[in-house]
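User: I'd like to go through this model with you before I plan anything at the bench. Could you take my questions as they come?

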Amino acid sequence: MGISIQNRSVLYKTTEPVLVPEGVYEAELVGVKDFSNAFGHRVGLVFRITTGQHEGVELMESAAASMKPRGKLAELMRGMGRSAGNPVELVGQRCQITVKHESNKVGKRYAAITQTFR
C-alpha cells in the first residue's frame, strides 16, 4: 500500500479565482456598502449579473464617498440615470455594466466595473 504525502505548500495552495470575462453585462444594483480602507472613506456598489453564463455573480466597485461631479461614484450613478443623491436609493435598479480586468498594486488581477449605463 503506497501513501502519498504532499508538502504543506501543495496542501494549502489556493487557486486564483476565476474572473468574469471582460465585456458588457446586464446587471442589478443589489447593495451599497460603506467602509474605510487605506484610501479613506469608500462606498462599494454591489452589482449582480442577471443574464447569461455568469448570472448570479456579484461584483463590487468601490469609489471615494465624495459626490464630486467628476468623481467615480458620481460617474457610476450618472450611468444609472441619477446625477446626485444617495446611492442606496438606486438599489434594485437594473442597468448594464462594463467589466475590465485590472491589477492592484501587488499584481493581483480582479474584475473591475468601469462603466454603468442604461
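User: To start with one residue, is R48 buried, exposed or partly exposed?

Analyst: R48 is partly exposed, with a relative accessible area of 33%, where buried means under 20% relative accessible area, exposed over 50%, and partly exposed in between, computed with a 1.4 Å probe on protein chains only. Please keep in mind that this is a predicted model, in which local features need pLDDT of at least 70 and side-chain atom pairs count only at pLDDT 80 or more, while totals for chains, interfaces and linings use all residues. Residues are numbered from 1 along each chain as its sequence is written, and side-chain values use heavy atoms, with hydrogens and water left out.

User: Which residue does R48 form a salt bridge with?

Analyst: R48 forms a salt bridge with E58, and the closest N and O atoms are 2.7 Å apart; the term stands for a side-chain nitrogen of Lys or Arg within 4 Å of a carboxyl oxygen of Asp or Glu. R48 lies in strand 2 and E58 in strand 3, so the pair ties together parts that are 10 residues apart in sequence. E58 is partly exposed as well, with a relative accessible area of 42%.

User: What else is placed around E58, say from strand 1?

Analyst: E28, which is found in strand 1 (residues 23–37), is 30 residues away from E58 in sequence and 9.4 Å away in space, C-alpha to C-alpha. E28 counts as partly exposed, at 21% relative accessibility.

User: Stepping back, how many helices and strands does the chain have?

Analyst: The chain has two helices and five strands, and from the N terminus on the elements run α-β-β-β-α-β-β. Helices (H or I, at least four residues) and strands (E, at least two) are DSSP runs, numbered from the N terminus. Of the 118 residues of the chain, 31% count as buried.

User: And how many salt bridges are there by that rule?

Analyst: The count comes to three salt bridges. One of them joins K72 to E61, with the closest N and O atoms 2.3 Å apart, and this pair links distant parts of the chain, since K72 is in helix 2 (residues 72–79) and E61 in strand 3, 11 residues apart. Here K72 is partly exposed, with a relative accessible area of 40%, whereas E61 is buried, with a relative accessible area of 7%. In another, the side chains of R82 and E89 meet at 2.5 Å, N to O; R82 is partly exposed at 27% relative accessible area, while E89 is exposed at 52%.

User: Staying with K72, how far is its C-alpha from that of Q115?

Analyst: The C-alpha atoms of K72 and Q115 are separated by 9.3 Å, although the two residues are 43 residues apart along the chain.

User: OK, pockets now. What volume does the largest pocket have, and which residues line it?

Analyst: The largest pocket has a volume of about 320 Å³, and its lining consists of N37, F39, R42, M60, E61, S62, K72, S103, N104, Y110 and A111. The elements that give two or more residues to this lining are strand 3 (58–64) and strand 5 (109–117), and strand 3 gives the most, with three residues.

User: How do you define a pocket, and what does the volume refer to?

Analyst: On a 1 Å grid over the protein atoms alone, a pocket is an open set of points where a 1.4 Å probe fits, with protein on both sides within 12 Å along at least five of seven lines, and lining residues have an atom within 4 Å of a point. Grid points are joined across faces, edges and corners, and the volume is the space filled by probe spheres set on the points.

User: How does the lining divide into nonpolar, polar and charged residues?

Analyst: The lining divides into four nonpolar, four polar and three charged residues. Ala, Val, Leu, Ile, Met, Phe, Trp, Tyr, Cys and Pro count as nonpolar, Asp, Glu, Lys and Arg as charged, and the others, Gly among them, as polar.

User: R42 is in that list; is R42 buried or exposed, and which side chain of opposite charge is nearest?

Analyst: R42, which lies in strand 2 (residues 40–49), is buried yet has no salt bridge, and the nearest side chain of opposite charge, E61, is 6.4 Å away; Lys and Arg count as positive and Asp and Glu as negative, while His and the chain ends are not counted. The side chain of R42 does make a polar contact with the side chain of S62, at 3.4 Å. A polar contact is a pair of N or O atoms within 3.5 Å; within protein, one must be able to donate a hydrogen and the other to accept it, and residues adjacent in sequence count only if both atoms are side-chain atoms.
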